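Grab a pencil and work through the exercises below with the model on your screen. Each task comes with a solution that goes step by step.

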Amino acid sequence: MTNPDAWGETLAECRRLDQEDPLTPLSRQFALPRGVIYLDGHSLGPLTRSASAAVQRTVRGEWGPMIIGGWNEADWIGLPARTAARIAPLIGAEPEETACADSVSVNLFKLAAGALALRPDRKTVLMVESEFPTDGYVLQGLARLRPDIRLKIVPAGELKGALDPETALLVASHADYRTGALADLSGLSQAAAAVGALSLWDLSHTTGLATIDLNAAGADMAVGCGYKYLCGGPGAPAFAFLARRHHAGFLNPIAGWMGHARPFDFEANYSPASGADRLMAGTPPILSMAALHASLDLFEGVAPGALLARSRTLSSLFERLTASVATAHGFSLASPAEAERRGGHLAYTHPDGYPIVQALIAAGVVGDFRAPDLIRFGFSPLVVSRSQVWTAARRFAAVMDSETWRNPSFSRRQTVT
Ligand SMILES: *Cc1c(COP(=O)(O)O)cnc(C)c1O
């Protein structure tokens, strides 16, 4: 099934193109285990050298010697705002419109609940049925607190047509977590605004990957993940965006002291901090945030557009190199076939997806599995090279042709897939 001569040609070509690519040297910023080809940056970005150093520095150089003094001496108190200011240019926002706090789930709750209060006479929240589950769960929870609100759930292609004058809020992901298909962020934001609804985007699968310009798109609100392409580390803080035009009227339903205008005045009553700072709630996780802040070094000086372009080059290469093996072994591509409609990962369906992913991991190719039958390979553009894609395709063919995935040990389900 494999033709080593043809493949050999391609590997030399991949190496040459890697050498010419200005993004290739950035892969040295990652500390990956030897021999591992990491195609899972869309789930958890790998450790960066800068994050590793920052956590050591924060623990040994700040927490240890400064103890509580670190809040002032090391400006821990300013770290969320400094981190948000590094995220802002990646999403087309201003620093005052961006907060770094909590998880995507919690930020989604804060923004969605606050958005409903900005549209008090409207009762519908619109979302797509294929949305990442936590987004749906959070909105269901919100609807239980607000029995007057109706959740309207439609297929992805029908969002625009489902917007009407009853719609208070549109909630949508920029990239579908299963297929990687990109939504029309700008067109949908404008369509929502045209009927007087607000838009709330989940940028978890595109921040640090795609060029995003929330303000040019006219988006109202957004949330996004710190531990995927941003490489903030497991459970890294998430971010939230609130467009400037909503700053005067928006109230955070989790009105914690860190979102207060003067937390250390210890006033009895709440008054919100200015801008997106009001989206903060409790004390920020300094160790996690130090890691995220440091990993954002990755994006300094990277040309907008270069990241997604490289990722698409890599996913197209993988698709081409594995096409005959994938077809022979019953894989179907679940991602858009046209690279320009894709985000950073490729997804295939296969009834034996779980053991196949486990066998690939054992062979040094780390992808992931999403129930019921989805296999995802992520092409984080700073992490993965063309020659690694070539080797990954080779190992994929070997695992499928030799059927090693049928070994029963690969079918034992772990808690996290
Ligand atoms: C990863 C991801 C999340 C993660 O949410 P957390 O609450 O931060 O765990 C949410 N939404 C989408 C679309 C994601 O891809």
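**Exercise 1. Sort the residues that line the second largest pocket into nonpolar, polar and charged.**

Step 1: get the classes straight. Ala, Val, Leu, Ile, Met, Phe, Trp, Tyr, Cys and Pro count as nonpolar, Asp, Glu, Lys and Arg as charged, and the others, Gly among them, as polar.

Step 2: know what you're sorting. On a 1 Å grid over the protein atoms alone, a pocket is an open set of points with protein on both sides within 12 Å along at least five of seven lines, while a cavity is a set where a 1.4 Å probe fits but cannot get out; lining residues have an atom within 4 Å of a point.

Step 3: do the sorting. The lining of the second largest pocket splits into five nonpolar, seven polar and four charged residues.

Before you go on, note that this is a predicted model, where local features need pLDDT of at least 70 and side-chain atom pairs count only at pLDDT 80 or more, while totals for chains, interfaces and linings use all residues. Residues are numbered from 1 along each chain as its sequence is written, and side-chain values use heavy atoms, with hydrogens and water left out.

**Exercise 2. Find the volume of the second largest pocket, and the helices that help line it.**

Step 1: the volume is about 470 Å³. Here a volume is the space filled by probe spheres set on the grid points, which are joined across faces, edges and corners.

Step 2: look at the middle. The pocket has 16 lining residues, and Ser27, Leu32, Val383, Ser385 and Gln388 are the closest to its centre.

Step 3: add the helices. Helix 1 and helix 13 each bring at least two lining residues, and helix 1 has the largest share, with three. (Helices, H or I with at least four residues, and strands, E with at least two, are DSSP runs numbered from the N terminus.)

**Exercise 3. Which side chains of helix 1 and helix 13 meet in a salt bridge?**

Step 1: use the rule, a side-chain nitrogen of Lys or Arg within 4 Å of a carboxyl oxygen of Asp or Glu.

Step 2: apply it. Arg386 and Asp18 form such a pair, at 3.3 Å from N to O.

Step 3: place the partners. Arg386 sits in helix 13 (residues 386-402) and Asp18 in helix 1 (residues 4-20), 368 residues apart.

Step 4: count them up. The rule gives 23 salt bridges.

**Exercise 4. Describe how domain 1 and domain 2 meet.**

Step 1: set the bounds. An automatic or database domain assignment gives domain 1 (4-30 + 303-411) and domain 2 (52-299).

Step 2: count the contact residues. With contact meaning heavy atoms within 4.5 Å, domain 1 puts in 26 residues and domain 2 puts in 16.

Step 3: get the area. Buried area is the accessible area (1.4 Å probe) that two parts lose on being put together, summed over both. The two domains bury about 1600 Å² between them, 62% of it on carbon and sulfur atoms.

Step 4: name the big losers. On the domain 1 side, Leu307, Leu308 and His345 lose the most area to domain 2, together 24% of what that side buries.

Step 5: check for salt bridges. Between domain 1 and domain 2 there are zero.

**Exercise 5. Why does the largest pocket lie between domain 1 and domain 2?**

Step 1: both domains give residues to its lining, so the pocket lies between them.

Step 2: add the volume, about 540 Å³. Of its 27 lining residues, Ser43, Asp368, Arg370, Val416 and Thr417 are the closest to the centre.

Step 3: see which elements take part. Helix 12 (353-362) and strand 12 (368-370) each give two or more residues, and helix 12 gives the most, with four.

Step 4: sort by class. You get 13 nonpolar, eight polar and six charged residues.

**Exercise 6. Compare the linings of the two cavities of 30 Å³ or more.**

Step 1: the largest cavity has a volume of about 40 Å³. Its lining has eight nonpolar, two polar and no charged residues, among them Phe30, Tyr229 and Pro381.

Step 2: the second largest cavity holds about 30 Å³. Its lining has seven nonpolar, no polar and no charged residues, and helix 6 (residues 133-145) gives the largest share, three residues.
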